Amino acid sequence: MGFTVMFYVIAIVTLGSALMMVISKNIFHSALLMMVAFLGIAGVFVLLHADFLAVTQVLVYAGAITIFVVFAIMFTMRGDMKTTNLFSRNLIPGALLSLIMIVVNAVMVLTTKWPLKATTAPESTAKEIANLMLTKYVVAFEVTAVLLLVAMLGAIVIVKEVKKSS
Amino acid sequence: MSSIINFLFNIGLPHFLILSGTLFFIGLFSVLAKRNLIAILMGMEIMLSSVNINLVAFNRYTTAPALHGHVFALFVIALAAAEVSVGLALIISVYRQHKSVEADDIDSMKW
């Protein structure tokens with residue numbers, strides 16, 4: 001019973017803040033509501049017994065990515081923030097497409113027979129994740145490290161001020 | 001009728017899949033219908049993050065105690081961090097060139 005109530009509270013908070021993020025006319029409010037949505041997703045991870053992923057979600061998404069987005073807003077906006085995040089002329093087609101796809105997705109999930117198994121959630125996940133990452137997925141782990149380095153260098157090179165040649 | 005109530009009260013894999021799908025298409029709505037480039041990027045972040053719910057939910061209800069889905073979700077988080085840093089760098093670079101972050105204003109290659 002507690003699990004059911006928690007699921008619905010977290011689902012409503014997550015979906016509501018994500019929807020408000022899209023509807024909001026002020027991009028700064030959008031960024032803060034995006035952070036609430038990420039925290040709600042961390043709550044979903046806790047419900048699924050993924051403690052390590054929940055902490056990573058809070059650190060990387062709710063912490064780092066939100067700060068990144070807020071920095072970018074500070075760099076690119078000036079003056080009045082009230083109407084910085086309006087809908088384009090694709091509002092009606094986009095809303096219709098999303099609504100149809102949400103319904104189609106729900107119907108398909110409900111009519112599919114999923115191969116469920118009676119599983120037991122592990123007590124703590126960090127140790128098992130570390131085992132998998134440094135044995136079976138060690139190549140992907142190293143490639144991800146290189147990818148993050150390349151992304152950091154790329155970001156620095158892209159935003160570097162270009163000197164006027166004159 | 002009682003089967004519907006039973007479905008609403010017993011939270012299982014389909015509930016998490018519907019939640020993550022709905023979140024994904026809210027993100028898609030943001031990507032399709034917003035004018036500001038930063039809002040489009042925020043919608044992409046929501047989409048990437050909702051996919052993680054899928055991975056972890058399948059891991060919990062079909063393959064636990066093995067945690068391959070969790071490892072996959074961690075790689076997706078690392079990719080999202082790389083993506084958002086490069087994407088925002090591109091947006092700032094575009095802002096320097098065009099003095100605008102509206103998607104409709106960036107049309108210098110349009111005939």
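# Exercises on a predicted two-chain model

**Exercise 1. Describe how helix H2 (residues 27-47) of chain A packs against H3(B), giving the angle and the distance between their axes.**

Solution. In this predicted model, H2(A) and H3(B) pack at an angle of about 5°, and their axes lie 11 Å apart. Since angles under 35 degrees count as roughly parallel, H2(A) is therefore roughly parallel to H3(B). The next step is to list the residues that make the contact: H2(A) contributes Ile27(A), Ser30(A), Ala31(A), Met34(A), Ala37(A), Phe38(A), Ile41(A), Val44(A) and Phe45(A), while H3(B) contributes Ile38(B), Ala39(B), Met42(B), Glu45(B), Ile46(B), Ser49(B), Ile53(B) and Val56(B). Sorted by class, the residues of this contact are 14 nonpolar, two polar and one charged.

**Exercise 2. Work out which elements give two or more residues to the side of chain B that touches chain A, and which of them gives the most.**

Solution. Begin with the whole interface, in which 59 residues of chain B are in contact with 75 residues of chain A. On the chain B side, the elements that give two or more residues are helix H2 (13-33), helix H3 (37-63) and helix H4 (68-98). H4(B) gives the most to this side, with 20 residues. When the residues of this side of chain B are divided by class, 43 are nonpolar, 11 are polar and five are charged.

One of these elements, H2(B), can be examined further: this helix has 21 residues and reaches 30 Å from its first C-alpha to its last, which is close to the 30 Å expected at 1.5 Å a residue. H2(B) is also mostly covered, with 16 of its 21 residues buried.

**Exercise 3. Describe the packing of H6(A) with H4(B), and sort the residues of the contact by class.**

Solution. The axes of H6(A) and H4(B) come within 9 Å and cross at roughly 10°, so H6(A) is roughly parallel to H4(B). From H6(A), the contact includes Ala140(A), Thr144(A), Leu147(A) and Leu148(A), and from H4(B) it includes Phe75(B), Ala78(B), Ala82(B) and Ser85(B). By class, the residues of the contact of H6(A) with H4(B) divide into 15 nonpolar, four polar and no charged.

**Exercise 4. Find the residues with the most contacts inside the largest nonpolar core, and say which element gives the most to this core.**

Solution. The largest nonpolar core has 68 residues, and those with the most contacts inside it are Met34(A), Phe45(A), Ile38(B), Met42(B) and Val56(B). The elements that give two or more residues to this core come from both chains: helix H1 (2-23), H2, helix H3 (51-76) and helix H6 (138-159) of chain A, together with H2, H3 and H4 of chain B. H3(B) gives the most, with 14 residues. To look at one member of the core, take Phe45(A), which touches Ala50(A), Leu53(A), Ala54(A), Gln57(A) and Val56(B), not counting residues up to four places away in sequence.

**Exercise 5. Decide for His49(A) and for Lys99(B) whether the residue is buried or exposed.**

Solution. As background, most residues other than glycine have a negative phi. His49(A), however, has a phi near 60°, and Lys99(B) has a phi near 55°. His49(A) is found in the loop between H2 and H3 of chain A, and with 20 other C-beta atoms within 10 Å it is buried, because 20 or more such neighbours count as buried. Lys99(B) has its place in the segment after H4 of chain B, and with 10 other C-beta atoms within 10 Å it is exposed, because 12 or fewer count as exposed.

**Exercise 6. State how far apart the C-alpha atoms of Phe141(A) and Leu86(A) are, and describe the surroundings of each residue.**

Solution. Phe141(A) and Leu86(A) are 55 residues apart along the chain, and their C-alpha atoms are separated by 40 Å. Phe141(A) lies in helix H6 of chain A and counts as partly exposed, with 17 C-beta neighbours inside 10 Å. Leaving aside its neighbours within four places in sequence, Phe141(A) is in contact with Met133(A) and Leu134(A).

Leu86(A) is placed in the loop between H3 and helix H4 (91-111) of chain A, and with 14 C-beta neighbours inside 10 Å it too counts as partly exposed. Leu86(A) and Ser24(A) are 62 residues apart in sequence, with 8.1 Å between their C-alpha atoms in space. Apart from neighbours within four places in sequence, Leu86(A) is in contact with Lys25(A) and Arg35(B).

Conventions
Residues numbered from 1 in each chain as written. Chains lettered and ligands numbered in written order. Predicted model: local features only at pLDDT ≥ 70, side-chain atom pairs only at ≥ 80, totals over all residues. Contact = placed C-beta atoms within 7 Å. Helix = DSSP H or I, 4+ residues; strand = E, 2+ residues; numbered from the N terminus. Nonpolar A, V, L, I, M, F, W, Y, C, P; charged D, E, K, R; others polar. Axes fitted to C-alpha atoms, helices over the stretch in contact; angles between N-to-C directions. Parallel < 35°, antiparallel > 145°, perpendicular 65-115°, else oblique. Expected span 1.5 Å × (residues − 1). Core = buried A, V, L, I, M, F, W, Y, C linked by C-beta atoms within 7 Å.
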